[in-house]
Amino acid sequence: MKNNTKASITNKMSKVTNIPKGVSKEILNALLSVIKKKATSMPIKIHEFGTFYMHTTPKRIGRNPKTKESYIIPPMKKIVFKSSNKIKEILN
C-alpha cells in the first residue's frame, strides 16, 4: 500500500485542479494549520466528510518491553477525526 504523504497529496491536487504544485502545497498547509488551531477549542465539521475534534487521552500505565519497567504515561491531547456516514458508506 502506497503512503499518501503531503507531497503526493499536493501533486494530486495540482493535477486535478490545474494549479501549480507550490500553490497546492500552500493550500494544503493552510488547511492543516486551520484544523490544528481551531480543533483545539471547538470541533471542525466538514459537511459529508467528517469532524476533527480535540480528545484528551487518560493517564495510563506503560511498560518498557526491554526492561519490563512500568511507568505512567501522562494524559495527552490529540486531534481525532471521525468520518461522516457518507464516507463510511463509500469505504464499506
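These exercises work through a predicted model of one protein.

**Exercise 1. Which elements does the protein have, and in what order do they run from the N terminus?**

Step 1. Count the elements. The protein has 3 helices and 5 strands.
Step 2. Read them from the N terminus on. The order is α-α-β-β-β-β-β-α.

**Exercise 2. What radius of gyration does the protein have, and what would a compact globule of 92 residues have?**

Step 1. Take the reference. A compact globule of 92 residues would have a radius near 12 Å.
Step 2. Set the model against it. The protein has 18 Å.
Step 3. Look at the box. Along the principal axes, the C-alpha atoms fill roughly 55 × 30 × 30 Å.

**Exercise 3. What share of the residues is buried, and what surface does the protein expose?**

Step 1. Apply the cut-off: buried means under 20% relative accessible area.
Step 2. Of the 92 residues, 17% are buried.
Step 3. Turn to the surface. About 7900 Å² is exposed, and carbon and sulfur atoms supply 60% of it.

**Exercise 4. How far apart are the mean positions of the positive and negative charges?**

Step 1. Count the charges. There are 20 positive and 4 negative ones.
Step 2. Compare their mean positions. These lie 6 Å apart.

**Exercise 5. In which sense do β3 and β4 pair, and which residue between the strands takes a positive phi?**

Step 1. Locate the strands. β3 covers residues 60–63 and β4 covers residues 70–73.
Step 2. Give the sense. They pair antiparallel over 4 bridges.
Step 3. Check the register. Arg60 stands opposite Ile73 in β4.
Step 4. Inspect the hairpin. It has 6 residues between the strands, and Lys68 takes a positive phi near 60°.

Technical notes:
Residues are numbered from 1 along each chain as its sequence is written. This is a predicted model: local features need pLDDT of at least 70, side-chain atom pairs count only at pLDDT 80 or more; totals for chains, interfaces and linings use all residues. Side-chain values use heavy atoms; hydrogens and water are left out. Helices (H or I, at least four residues) and strands (E, at least two) are DSSP runs, numbered from the N terminus. The radius of gyration is taken over C-alpha atoms; the globule rule is 2.2 Å times the number of residues to the power 0.38. Buried means under 20% relative accessible area, exposed over 50%, partly exposed in between (1.4 Å probe, protein chains only). Accessible areas come from the Shrake-Rupley method with a 1.4 Å probe; for residues, only the protein chains shown count as cover. Lys and Arg count as positive and Asp and Glu as negative; His and the chain ends are not counted. The place of a charge is taken as NZ of Lys, CZ of Arg, CG of Asp or CD of Glu. Two strands pair if DSSP finds at least two bridges between them.
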